[in-house]
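Colleague: Please pick one part of this model and take me through it closely, then follow the chain outwards from there. I want positions, neighbours and backbone angles, in plain terms.

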Amino acid sequence: MTSQVRPAGDDALLVTLDTAEAAVALHRSLRARPVPGVGPTVPGARTLLVPFTPGRTDPARLARELRARIAEPASAGAAQVRRHEIAVVYDGEDLAVAAELLGWSADELVRRHTAATWRVAFMGFAPGFGYLSGDDPALELPRRSSPRTRVPVGAVAMAGGYSGVYPRESPGGWQLLGRTDAVVWDVAREAPALWAPGDAVRFRPARELVTVARPAASAPPSTPSPADPVLEVVSPGLQTLVQDLGRPGSVDVGVSASGAADPRSARAAQRAVGNRTDAAALETLGGLRLRALRTVVVAVTGAPADLEVVSDDAPPRMPPLGRPFVLGAGQELLLGSPRRGLRTYVAVRGGLDVAPVLGSRSADVLAGLGPAALATGDVLGAAPDDVGAVATADPGAPDPDRLPAPGEVVTLPVVPGPRADWFPADALALLTSQEWEVTPRSDRIGLRLHGERPLTRTAATRDAELPSEAAVTGAFQVPPDGQPVLFGPDHPLTGGYPVIATVAASHRWLLGQIPPGARIRCRVVEA
């Protein structure tokens, strides 16, 4: 078996293998026999992303261990295969067109689709969406030339050599063959995803389906009245979300870690009010106005915005950024727009009482997980978490006066790869020699960049399609137009565009504070 181990930043390795089965086998081996310092691994079409903690694991030693695992007999660490049978009504809008593309009748396409055995190669696109690879090489269909803006939940579809079942309503460009009532994603289940990489799947034709109550996969959980209401939202500001440090343990089911875009500022806010650093806080782009329902200790960190506390019976006061202060019952906290940076964090003593989803209170805007963005009239409660001493100064907090402003240049250290070989030899020089402007289309999914000279691929890879593989926050993914997308915390778990370089782990927190209009310059460092 041929394999390659490449750096994917300075805290992850990307292992390239011959087949999806080999990637799943290595994934299962690392789950059965963990390597100290290695985090949850993410299978791709023919790759495995292996994150690790620098200092606990040496990347060269880890690479040797991975190669040794790959060379093991196939039975070593093998897990029992789980099997699923999915009933499908084959009445999809694209069934006739798909059959014509293959030169078959619709009946023949259904026969071949149900006769094949499918394996879950990897997860991605949306929580619970499994890319199913079949054993019939003739079953291969192109994507639609124009993606649909709405594909219904339960749609059974194909693209390339993969089948899939849409876990929730979403846009999509796959060919729709039919529909199923199988619930492939439900956060209320102990195992939210119906399947996992390596599972076997067979499709069975059905004339009709039993209607079942489907979970609202993309809707946030209902929010009961908090037991200890502390804040009322007078004005929600811009994209004010509840965030903690994320849910990194759910990559197996197609969910990225998410979490605070600037975790350093989020941790500093929690320390300032005496909370655990993984408590939930508010992340806002500014314009937020909150009313205290009882006396509460609050801290604000991150991007420097004008803070003002107003009340009917006292003159306005300006509380300090980064230090705890008391908000009395009936008083209101007003946050202006940041002068520098992008995101400001508001923590309350005890943390925010929000129902966790998959072990985290973070709102993931791409996956549709966690609480919805704040709205006027929302009431927030304090969690009954243990609290300790407040921190009046935090040496780990970013200096708000040094955060970037629109028009300024931010220098980011980057590690080449893992797909630098898809670009000409001078591509890294182009990446580092020119400035890349952060466009207004940027969000928590990624910073969309624009450079005067776009990056191009080599002649050999110009028209090639990279089999989907995982990437980390901070990856410079390069779509066909050559203008990179710098992945943020809510980025897709897997993708099909090559990554030319990845921001070093030490500077990824800064990605959450680079505003539109700022410019990025890259500096190459070694992994």
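Modeller: Buried means under 20% relative accessible area, exposed means over 50%, and partly exposed lies in between, with a 1.4 Å probe and protein chains only. The model is predicted, so local features need pLDDT of at least 70 and side-chain atom pairs pLDDT 80 or more, while totals for chains, interfaces and linings use all residues. Residues are numbered from 1 along each chain as its sequence is written, and side-chain values use heavy atoms, without hydrogens and water. Helices (H or I, at least four residues) and strands (E, at least two) are DSSP runs, numbered from the N terminus.

The part I have picked is strand E2, residues 12-16. Five of its five residues are buried, so E2 is largely enclosed by the rest of the structure. In a regular strand the side chains alternate between the two faces of the sheet. Here Ala12, Leu14 and Thr16 point one way from E2, Leu13 and Val15 point the other way, and all are buried.

Two strands pair if DSSP finds at least two bridges between them. E2 pairs with strand E1 (residues 4-7) in the antiparallel sense, over four bridges. In that pairing glutamine 4 stands opposite threonine 16. The hairpin of E1 and E2 has four residues between the strands, and in it glycine 9 takes a positive phi near 90 degrees. E2 also pairs with strand E4 (residues 47-51), again antiparallel, this time over five bridges. Leucine 14 has leucine 49 of E4 as its bridge partner.

Another element meets E2 through proline 59, which is found in helix H2 (residues 59-71). Proline 59 touches Leu13 and Phe52, leaving aside residues up to four places away in sequence; contact means heavy atoms within 4.5 Å. Its C-alpha atom is separated by 8.1 Å from that of aspartate 11, although the two are 48 residues apart along the chain. Unlike the residues of E2, which are buried, proline 59 counts as partly exposed because its relative accessibility is 32%.

Further along come two helices with buried residues. In helix H4 (residues 106-115) these are Leu109, Val110, His113 and Thr114. They cover an arc of only 120 degrees around the axis, which puts them on the same side of H4; the arc is that of the directions from the helix axis to the C-beta atoms. Among the elements covering them are helix H3 (95-102), strand E6 (118-123) and strand E9 (155-159). In H5 the buried residues are Ser265, Ala266, Ala268, Ala269, Gln270 and Ala272. Their cover includes strand E16 (281-284), strand E18 (296-302) and strand E22 (344-348). Just after H5, glycine 274 takes a positive phi of about 85 degrees.

Some loop residues also deserve a look at the backbone. Serine 258, in the loop between strand E15 (241-243) and H5, has a positive phi of about 55 degrees although it is not a glycine. It counts as buried because its relative accessibility is 7%. Leucine 358, in the loop between E22 and strand E23 (379-381), likewise has a positive phi, near 55 degrees, without being a glycine. Leucine 358 has a relative accessible area of 26%, so it is partly exposed. Lastly, a cis peptide bond with omega of about 15 degrees joins glycine 417 and proline 418. Proline 418 has its place in the loop between strand E24 (409-416) and helix H6 (427-433).
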